[in-house]
Every structure is written in C-alpha cells, then in structure tokens.
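User: I have a structure on screen and would like to know what stands behind the terms people use for it. Could you take me through them?

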Amino acid sequence: MLDKLRLEIDSFDAVLTETLYRRFAAAARVAAYKKERGLAVYQPEREAAVLNKIAGIMKNKSFGVEIQELYRHIFQLSRRVQIHQVFPYNMVFIGFMGSGKSTIGRYLAEISGYNYYDVDTMIEQQAGQSVQEIFSIHGEKHFRSLEREVVERLRTVDHAVIACGGGVVLDAANVSHLKEKGKFIWLKAAPETVYERLKHQNNRPLIKDKNFDDIKNLLKSREGLYGAVADYEVATDGKLISDIGHDIMNMITNTAK
Ligand SMILES: Nc1ncnc2c1ncn2[C@@H]1O[C@H](COP(=O)(O)OP(=O)(O)O)[C@@H](O)[C@H]1O
Ligand SMILES: O=C(O)C1=C[C@@H](OP(=O)(O)O)[C@@H](O)[C@H](O)C1
Ligand SMILES: [Mg+2]
C-alpha cells in the first residue's frame, strides 16, 4: 500500500519538476524583456493578481493555504531568477555608519530572495562578542583582522546581499575579495542624517560619545574611499527604506553594468 502511494507521489514529482523548470525558464525570459523596456522586476501587484487567479482555478480548496504559501515562495525564487538573469552579481552595500547598509540590505535580500550576510553580525558570531566588546577589549586592529577573515570567507558566496561595516573599504584586500563576485552599492547619507539616526544608539565604538563635528570629519575622510570603489551611488536622506529598496532594485536590474 505504502509503495503504491509512493509511486503515485513519484509520478507527481516528475510532473512538478518539469513544470517548475518551465515556469522558472519563462520567468527568466520575462526578465530580459523587462530589462529591455526598463520595467520593474519586482511587481507586487502582479504577484497578488496571480495569487488571486490561482485561488479561483483551484478545484479542491483543501490545501489552499499550503498552495498559496508555496506560491509565495515560488514568487520569491522567480524574482531571484529574474534578478540573477540581468544582474549576475552579489549586492555589496558600502557606506558610512548609519547610512542604512544593514537595514536596506535586509530589505533587498527579502525582496530579491537572495541570502543575507551582515559582516558585523558574522564577526560577532565568530568572536562570541559584540562589536562594542571587541573594540573595547581587543582594540580596532583585532576587529579589522576579524573583518578580513569574514570577508575572505564571503568570497565564495553567491546570490548574496552583503551588508558591510563602514570600515570595510579601509583594506584593499577586502575590496578586491568582495569585487570578485559583487557590485558595490554606496549608500550615502549627510552627516546630519547619520547623527539623527544614530544619536540614541551606542553600539558603534568609533562614534560613541562623539559630537556632530567629529562625525562630519570622519565621514569626510571616508567619502573618497567609498567613491573610489562604488559601482552605484544612492542618496538615502529623507527617503523611506522601502522606496530606497525598490529604487535600488530597479537601478541594478535596468542598468546592470
Ligand atoms: N532610510 C532610512 N530612514 C530612516 N531610518 C533609517 C533609514 N535607513 C536606516 N535607518 C535607521 O538608521 C539606523 C542605522 O541603520 P543601519 O542599517 O544599522 O545602518 P548601517 O548598517 O549602515 O550602519 C537604524 O536604526 C535604522 O533603522
Ligand atoms: O565604519 C566603521 O569603521 C565601522 C562600522 C560599523 O558598521 P556599520 O557601518 O554597519 O555601523 C562596524 O563595522 C564598526 O563599528 C566599525
Ligand atoms: Mg550595519
């Protein structure tokens, strides 16, 4: 009995894998079309319409919730296929502290279906200490060597959004490792914006207890470094996280270099 049921399932899998292959291949063709015409890869309203249509054509609703959930995943993977088709790179976020690398990076990973890596979080996991603790107990030099190790490990990842710490560009080896598979998206923010965003946070040792002018000077000294390696630049002042995210998505998929 069990064998018979399993055979039945095997036959469904044969149909499913072939159908899914065809669906992803069609999505990839749509990506090229969208790029040619400057259309957005991420079109939530189209996904909602497809979901509605599927609810309508489902003859048996018993597993409706499961099928809808599966479709949400299929949509995310289709976006991933489409993005990779026209932008076959990792998205590497660089920029000053508080420019939004971690926040925007997470958002982009969510809508692109890419895997999210936050260099600072990986350093913290490896060290078993917070960035703040690493700086105060071992010093910046030690932090930078951990940062180099983590970046080195990230050389092999694919379909990735990588949110760097603001100081990653201080080391030329980091830049060349991350450039092997990635394009650099520089998130820009005015010193006033950085100050406002971070004034109640105390997990950034380099600007902890620093005043506005100190932040402004450090930002100024870093700007040339970011500018020299950036593939894309995005101003974030006064913009919503979701708007920045969608703008980046359109920018990279329509103007892939
Ligand atoms: N566009 C934005 N608008 C408002 N707040 C933002 C924006 N981008 C980031 N933030 C906030 O600023 C703070 C720093 O963001 P974060 O992503 O940690 O920056 P980074 O990783 O570049 O240091 C967080 O509290 C985040 O919620
Ligand atoms: O600019 C820097 O040198 C640093 C930025 C921080 O990351 P965020 O840019 O994500 O805040 C963190 O890596 C560390 O405090 C040092
Ligand atoms: Mg960060």
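Analyst: Happily, and let us begin with contact: two residues are in contact if their C-beta atoms, placed from the backbone, lie within 7 Å. By that rule, 12 residues of domain 1 are in contact with 10 residues of domain 2. This is a predicted model, where local features need pLDDT of at least 70 and side-chain atom pairs count only at pLDDT 80 or more, while totals for chains, interfaces and linings use all residues. Residues are numbered from 1 along each chain as its sequence is written, and chains are lettered from A and ligands numbered from 1 in the order in which they are written.

User: How do you know where the domains lie?

Analyst: The bounds come from an automatic or database domain assignment. For this protein, the assignment gives domain 1 as 2–86 and domain 2 as 90–254. Their C-alpha centres lie 33 Å apart. On the side of domain 1 that touches domain 2, helix 3 (residues 64–86) gives the most, with 7 residues. A helix here is a DSSP run of H or I with at least four residues, numbered from the N terminus.

User: What makes a residue on that side of domain 1 nonpolar, polar or charged?

Analyst: Ala, Val, Leu, Ile, Met, Phe, Trp, Tyr, Cys and Pro count as nonpolar, Asp, Glu, Lys and Arg as charged, and the others, Gly among them, as polar. Sorted this way, that side of domain 1 has 6 nonpolar, 3 polar and 3 charged residues.

User: Why are helix 2 and helix 3 called roughly antiparallel?

Analyst: Axes are lines fitted to C-alpha atoms, for helices over the stretch in contact, and angles run from 0 to 180 degrees between N-to-C directions. Angles under 35 degrees count as roughly parallel, over 145 as roughly antiparallel, 65 to 115 as roughly perpendicular and the rest as oblique. Helix 2 (residues 44–57) and helix 3 cross at roughly 150°, their axes coming within 11 Å. Helix 2 and helix 3 are therefore roughly antiparallel. Glu47, Leu51, Ile54 and Ala55 of helix 2 make the contact with Gly64, Ile67, Gln68, Tyr71 and Phe75 of helix 3. By class, that contact has 6 nonpolar, 2 polar and 1 charged residues.

User: And what makes helix 9 and helix 10 oblique?

Analyst: Helix 9 (residues 191–198) and helix 10 (residues 212–229) cross at roughly 125°, so they are oblique to each other. Pro191, Val194 and Tyr195 of helix 9 meet Phe212, Ile215, Lys216 and Leu219 of helix 10. The classes in this contact are 6 nonpolar, no polar and 1 charged.

User: How are helix 7 and helix 8 oriented to each other, and how do you know?

Analyst: Helix 7 (residues 140–153) and helix 8 (residues 172–179) pack at about 15°, with axes 9 Å apart. That angle makes helix 7 roughly parallel to helix 8. The contact involves Arg148, Val151 and Glu152 of helix 7 with Ala173, Asn174, His177 and Leu178 of helix 8.

User: What makes a residue part of the surroundings of ligand 2, and which residues are they?

Analyst: A residue is near a molecule if its C-beta atom, placed from the backbone, lies within 6 Å of it. For ligand 2, the surrounding residues include Met97, Lys101, Ser102, Asp120 and Arg204. That shell divides into 4 nonpolar, 4 polar and 3 charged residues.

User: Which residues come nearest to ligand 1?

Analyst: Among the 14 residues around ligand 1, Gly100, Lys101, Ser102, Thr103 and Arg197 come nearest. Helix 4 gives the most to this shell, with 3 residues.

Key: Helices (H or I, at least four residues) and strands (E, at least two) are DSSP runs, numbered from the N terminus.
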